[in-house]
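Work through the two exercises below with the sequence and the model open beside you, and try each task before reading its solution.

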Amino acid sequence: MADKFDVIVIGAGPGGYVAAIRAAQLGLKTACVEKWVNKEGKTVHGGTCLNVGCIPSKALLESSHKFVEARDHFAEVGINVGDVSADIPKMLEFKNQVIAKNVGGISALFKANGVTALEGAGKVLSSKQVEVSKDGDKAVYEAEHIVIASGSVPVEIPPTPLTEGLIVDSTGALEFEETPKRLGVIGAGVIGLELGSVWSRLGSEVTVLEAMDSFLPMVDSAIAKETQKLLKKQGLDIKMGARVTGSETNGKEVTVKYTDAKGEQEQVFDKLIVCVGRRPYTQGLLGEDAGVKLDERGFIFVDDQCRTSVPGVYAIGDCVRGPMLAHKASEEGVMVADIIAGHKAEMNYDAIPSVIYTSPEVAWVGITEQDAKAAGIEIKTGSFPFSANGRALANHASEGMAKIIADAETDRILGMHIVGQHAGELIAQGVIAMEFGSSAEDLALTCYAHPTTAEAVHEAALAVDGHAIHMANRKKRK
Ligand code: FAD
Ligand code: NAD
């Protein structure tokens with residue numbers, strides 16, 4: 001029997017590495033097991049988020065955004081740069097440097113906080129034993145508490161099996177060495193829109209095939225409509241109600257067959273990205289006697305505080321219910337470490353923000369107007385367009401709007417939805433307001449710095465009671 005720990009965390013993604021660091025900070029003897037091996041054969045921390053998710057995708061988003069700004073928009077504000085071209089290998093090199101820096105940072109944090117990094121695949125043998133195996137070697141470690149943070153993997157669908165270099169998932173779409181001329185994307189979800197936008201900005205003709213009829217149903221419909229309009233203007237051809245039925249490859253191209261309202265269709269692409277969701281990853285994780293139950297969709301079953309069916313064993317992040325978001329995983333990691341250390345801790349699942357990093361960004365927290373209607377909640381709303389915000393105009397980024405949903409009687413903020421430049425930064429106001437139980441009037445009475453795009457949120461809060469200052473058609477003050 002090898003070492004004994006207070007806590008063993010399985011998985012070093014944003015759920016697991018944060019849980020491990022927090023547990024160590026709280027004085028618990030902690031180990032974190034990770035099996036991810038990079039192309040150089042080195043075990044790396046950071047999981048999906050740092051290696052093939054949030055961070056690399058944002059590096060490419062930013063590079064491609066800068067490219068379009070320089071090519072199409074610099075001249076509009078008086079900067080002449082001549083011919084602008086995209087150097088894709090250089091962009092990939094930059095993205096890989098960003099990954100390396102982030103991944104190295106986690107290893108350094110483990111060292112600084114005294115977290116023992118165990119390399120290999122972890123398996124829960126019992127409530128107090130974890131087996132770690134690597135290259136045929138096995139060791140069993142004892143732990144008072146186990147935290148499972150094994151994450152998720154992309155969903156594959158039978159009509160479009162992944163085909164090296166031609167039909168790829170999100171990981172493959174971060175590696176294209178040149179811009180595909182005709183790019184197909186299956187799924188108008190978060191990944192489809194983000195990576196579709198990246199390659200569209202870099203010159204691909206992008207067609208997105210989405211099975212559902214409604215676009216971004218989780219976002220307030222006014223914001224979703226505005227987003228769809230903006231993406232269409234940027235050249236993304238988003239086909240709604242398109243059900244993919246099959247595909248054929250000839251080594252160079254992919255022919256995708258789908259049905260839509262008009263009947264059977266087919267379209268030929270140079271590359272196809274399949275991004276139709278992710279599923280929890282639990283392969284090889286649970287030993288026969290582990291006793292940890294899964295739910296009907298394959299997620300590890302947990303209660304509100306991430307306790308599994310086995311006392312002392314917790315699970316967090318993408319492998320459990322709830323949105324598949326890095327910050328949700330990390331917050332659950334903090335909560336679980338606090339609980340293990342004997343502190344009171346809970347999470348407010350109603351105030352988890354979401355951001356789609358298109359350009360402009362889409363961000364939201366809380367309920368939508370359509371959710372409120374469906375639940376019979378009486379609400380009032382306030383919206384404000386970025387086109388009436390001085391800073392957005394000066395930034396040459398006046399597309400989009402902010403919308404606040406408040407309880408009709410109490411004025412408490414129930415939701416905030418934004419499409420516009422830096423919406424992902426602006427949404428923090430909605431999250432904080434909701435965490436503090438603020439009313440729309442609380443935001444309306446707050447002094448905002450001028451000129452900032454945050455003032456669009458201020459004006460939306462003022463608009464909830466019809467008092468927006470920079471809007472001509474405001475209601476009469478009561
Ligand atoms: P993961 O990050 O998946 O980490 C799980 C880790 O556990 C992995 O390292 C895995 O190797 C390890 N593991 C699994 N089983 C074992 C085992 N048996 N033994 C040892 N190790 C094991 N979210 C956002 O919030 N913002 C974004 O901008 C964003 N962008 C994304 C872009 C893309 C392209 C993708 C694919 C995802 C994106 N996400 C984003 C989602 C985000 O990456 C996930 O929600 C997040 O990584 C989940 O964290 P996690 O710790 O639960 O799991
Ligand atoms: P998603 O659930 O966001 O979107 C998948 C889309 O594919 C849906 O609109 C769905 O209707 C559609 N779809 C499913 N099957 C289909 C089919 N057969 N044909 C056509 N369309 C089909 O999933 P995703 O975009 O793959 O992202 C996976 C997860 O990763 C999400 O949960 C997301 O939260 C997370 N993620 C987050 C970010 C971010 O926070 N910015 C970025 C990327 C990924």
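Two exercises follow, one on a ligand site and one on a sheet.

This is a predicted model, in which local features need pLDDT of at least 70 and side-chain atom pairs count only at pLDDT 80 or more, while totals for chains, interfaces and linings use all residues. Residues are numbered from 1 along each chain as its sequence is written, chains are lettered from A and ligands numbered from 1 in the order in which they are written, and side-chain values use heavy atoms, with hydrogens and water left out.

**Exercise 1.** Describe the surroundings of ligand 2 and its contacts with the backbone.

Step 1. The shell holds 20 residues, each with a heavy atom within 4 Å of the ligand, and the closest include Ile191, Glu194 and Glu210.

Step 2. By class, 14 of these residues are nonpolar, three are polar and three are charged (Gly counts as polar).

Step 3. Look next for polar contacts, pairs of N or O atoms within 3.5 Å: a nitrogen atom of the ligand lies 2.7 Å from a backbone N or O atom of Val355, and an oxygen atom of the ligand is 2.9 Å from a polar backbone atom of Gly277.

Step 4. Of the 840 Å² that ligand 2 exposes when taken alone, the protein buries 76% (Shrake-Rupley method, 1.4 Å probe).

**Exercise 2.** Establish the strand order of the open sheet that five strands form.

Step 1. The order is S8-S15-S9-S10-S11, with parallel pairing (strands are DSSP runs of at least two E residues, and two of them pair if DSSP finds at least two bridges between them).

Step 2. Strands S8 (167-168) and S11 (237-239) are the edges, each pairing on one side only.

Step 3. S10 (residues 205-209) pairs with S11 over three bridges, and Thr207 has Asp237 in S11 as its bridge partner.

Definitions and conventions: A polar contact is a pair of N or O atoms within 3.5 Å; within protein, one must be able to donate a hydrogen and the other to accept it, and residues adjacent in sequence count only if both atoms are side-chain atoms. Helices (H or I, at least four residues) and strands (E, at least two) are DSSP runs, numbered from the N terminus.
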